[in-house]
Amino acid sequence: MELEKEFLTSRFMLETEQALPASRKMVRPHFSAVGNGCTGKVLLCDPEQWVQKEYSFFGKKPDSSVEGTVYEVLHLSV
């Protein structure tokens, strides 16, 4: 998890999913590169389904060229 001081002003969230390669050892997950204006990132790994979900938060709606699903954030609690 990486949260900037502007995190609570986030109004949009981008959800992306990537397949995790099968491995004998756990490999440290990493965030993908996201455009400017990102106010926070959260990374979740599901070893049962071998997927990694990344949630990136923004104050303004991210570029339509970014792959993933964009949601409007109505409320954040930390």
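At 34% relative accessibility, C45 of this predicted model counts as partly exposed. C38 is also in the partly exposed class, with a relative accessible area of 21%. The structure holds zero disulfides. The sulfur of C38 lies 17 Å from that of C45, its closest cysteine sulfur, and the gap is too far for a bond. A disulfide requires the two sulfur atoms to be within 2.5 Å. C45 is therefore in no disulfide either, since its nearest cysteine sulfur, that of C38, is 17 Å away.

The strands form an open sheet. Five of them are arranged in the order β1-β3-β4-β2-β5, with antiparallel pairing. The edges of the sheet are β1 and β5, each of which pairs on one side only. In general, strands of a sheet pair through backbone hydrogen bonds, either parallel or antiparallel. Strand β3 spans residues 38-46 and runs antiparallel to β4. Eight bridges join these two strands. On the β4 side, S56 is the bridge partner of K41.

Aromatic contacts were also examined. The count comes to one aromatic pair. The pair consists of F7 and F57. Its ring centres are 5.0 Å apart, and the planes meet at 75°. The geometry is edge-to-face, because the angle between planes is over 60 degrees. F7 sits in the loop between β1 and β2 (12-19), whereas F57 belongs to strand β4. The pair therefore ties together parts that are 50 residues apart in sequence. Both partners are shielded by the buried criterion: F7 has 8% relative accessibility, and F57 has 8% as well.

A further contact across the chain involves K60 and S10. These residues are 50 apart along the chain, yet their C-alpha atoms are separated by 7.5 Å. K60 is placed in the loop between β4 (51-58) and β5 (69-72). At 71% relative accessibility, K60 counts as exposed.

The surface carries a nonpolar patch. Its members are M1, L3, L8 and V78. Together they make about 480 Å². One of them, L3, lies in strand β1 (residues 2-3), which is an edge strand of the sheet. L3 is partly exposed, at 36% relative accessibility. Its value is over the 30% needed for a residue to join a patch.

Technical notes. Residues numbered from 1 in each chain as written. Predicted model: local features only at pLDDT ≥ 70, side-chain atom pairs only at ≥ 80, totals over all residues. Heavy atoms only, no water. Buried < 20%, exposed > 50% of the residue type's maximum accessible area, 1.4 Å probe, protein only. Patch = residues over 30% accessible without salt bridge, like charges linked within 9 Å, V, L, I, M, F, W, Y side chains within 5 Å. Areas by Shrake-Rupley, 256 points an atom, 1.4 Å probe, with all protein chains shown as cover. Salt bridge = Lys/Arg side-chain N within 4 Å of Asp/Glu carboxyl O. Helix = DSSP H or I, 4+ residues; strand = E, 2+ residues; numbered from the N terminus. Pairing = 2+ DSSP bridges. Phe/Tyr/Trp six-rings, centres within 6.5 Å; stacked < 30°, edge-to-face > 60°.
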